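Please look over the sequence and the model below before reading on. The paragraphs that follow go from the terms used for exposure to the sheet, the side-chain pairs, the core and a few backbone details.

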Amino acid sequence: MVDLSHNDFTGLLPTEFFQNLKALKEEVGYDSEYFSYSVNLTIKYLELEFTKTVHMPIFTCVDLSDNGFHGEIPKVVGELRLVLALNLSHNSLTGPIPPSFGNLAARESLDLSFNKLSGRIPSQLTNLTFLEVLRFWNNNLVGPIPQGKQFDTFENDSYQGNLGLCGLPLSKECSNDERSQQAQDEEDNGNGIAFFWKVAMMGYGCGMVLGISIAYIVFTTGRPWWLVRMIERDLQNKVSSWFGKKRK
């Protein structure tokens, strides 16, 4: 547990601090009530690897609430996959909620209330299927609330104080423009692989069309003499080289 709440810390959230929480980022191999992880240590100019087995943690938490932090939330926070509870409330954080928060699959509690966060709620947060507590109170969030999975279980009080939000479970309906933008965002976020395959198929189709075109030209105009000459020269060079080696 990292609890630095109710202090007078100011400035930006320290990116290096979150980067160094390696035990909360790396996947570990669980075995019953124990889990093991590897540690690399440099001793007398020799780098040694040790495997350590310890009791499985019951609860992991990072609490930086009630301070004076400002600026945007570092994207690296989205790499803390093993943190069950994250509390950044009661600060002066600005900017959007990082979409990388959707990688925090083990997250059970997320409190970003009483900040100055803006923009839309990332649709990637619907991937947090273990999320039980969600508090976005008193921010400047706008647009439709993501739907599906765990988000369908949260009530109005998770979003209070954000006048720009719309859609269920709020009574405020979204405009057609907001709905279409949300659908576009979800399509962009969920169809990365599909987009890759579309590009691949386009390349395959172009190659097939080019191949058919070349074949058509060959059959309608006769042998492509430039290609025949190039192959003949190549064969002659290889035969000459082979005979030269035999003579030696």
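A residue is called buried when its relative accessible area is under 20%, exposed when that area is over 50%, and partly exposed in between. The model is predicted, and every value below is computed from it. By this scale Arg-135, with a relative accessible area of 34%, is partly exposed because 34% lies between the two cut-offs. Asp-111, at 8%, is buried because its value is under 20%. Over the whole protein chain of 248 residues, 31% count as buried.

The chain contains 4 helices and 14 strands. Its accessible surface amounts to about 16,600 Å², and carbon and sulfur atoms contribute 58% of that. Among the contacts with a separation of 6 or more, 48% are between residues 24 or more positions apart.

In what order do the strands of the open sheet stand? The order is β1-β6-β8-β10-β12, 5 strands with parallel pairing. The edges are taken by β1, residues 2-3, and β12. Each of these two has a single partner strand, so one side of each has no neighbour in the sheet. As background, strands of a sheet pair through backbone hydrogen bonds, in either a parallel or an antiparallel sense. Here β10 and β12 pair in the parallel sense over 3 bridges. One bridge partner can be named: Asp-111 is matched with Arg-135 in β12.

The two residues of that bridge also meet through their side chains. Asp-111 and Arg-135 form a salt bridge, with 3.7 Å from N to O. The pair qualifies because the cut-off for a side-chain nitrogen of Arg and a carboxyl oxygen of Asp is within 4 Å. Asp-111 belongs to strand β10, residues 109-111, and Arg-135 to strand β12, residues 133-135, so that the salt bridge links distant parts of the chain, 24 residues apart. How many salt bridges does a search of the whole structure find? The search finds 1.

Other strands pair as well. Strand β9, residues 92-95, runs parallel to strand β11, residues 116-119, and 2 bridges join them. Gly-95 stands opposite Leu-117 in β11. Strand β11 is also joined by 2 bridges to strand β13, residues 140-144, again in parallel. In this pairing Gly-119 has Leu-141 of β13 opposite.

Aromatic side chains come next. A search of the whole structure finds 5 aromatic pairs. One of them is formed by Phe-9 and Phe-69, with 6.3 Å centre to centre and 15° between the planes. This pair counts as stacked because planes under 30 degrees apart are classed that way. Phe-9 lies in the loop between β1 and β2 (10-12), while Phe-69 is in strand β7, residues 68-71; the two are 60 residues apart, and their pair links distant parts of the chain. Are these two rings' residues buried or exposed? Phe-9 is partly exposed at 38% relative accessibility, whereas Phe-69 is buried at 7%.

The largest nonpolar core has 34 residues, and those touching the most other members are Phe-18, Phe-101, Leu-112, Phe-136 and Tyr-159. Leaving aside residues up to four places away in sequence, Phe-18 touches Leu-13, Lys-25, Val-62, Leu-64, Val-76, Val-77 and Leu-80. Phe-17 sits in helix α1, residues 15-19. At 25% relative accessibility Phe-17 is partly exposed. Its C-alpha atom is separated by 9.8 Å from that of Val-76, which is 59 residues apart from Phe-17 along the chain.

A few backbone details remain. Most residues other than glycine have a negative phi, and most peptide bonds are trans. The peptide bond from Leu-168 to Pro-169 is cis, with omega near 10°. Pro-169 is in the loop between β14 (164-166) and α2 (176-190). Asn-138, which is not a glycine, has a positive phi of about 50°. Asn-138 lies in the loop between β12 and β13 and is partly exposed at 34%. Lys-149 likewise has a positive phi, near 55°. The loop between β13 and β14 holds Lys-149, which counts as exposed at 52% relative accessibility.

Conventions. Residues numbered from 1 in each chain as written. Predicted model: local features only at pLDDT ≥ 70, side-chain atom pairs only at ≥ 80, totals over all residues. Heavy atoms only, no water. Buried < 20%, exposed > 50% of the residue type's maximum accessible area, 1.4 Å probe, protein only. Pairing = 2+ DSSP bridges. Phe/Tyr/Trp six-rings, centres within 6.5 Å; stacked < 30°, edge-to-face > 60°. Core = buried A, V, L, I, M, F, W, Y, C linked by side-chain atoms within 4.5 Å. Contact = heavy atoms within 4.5 Å. Areas by Shrake-Rupley, 256 points an atom, 1.4 Å probe, with all protein chains shown as cover.
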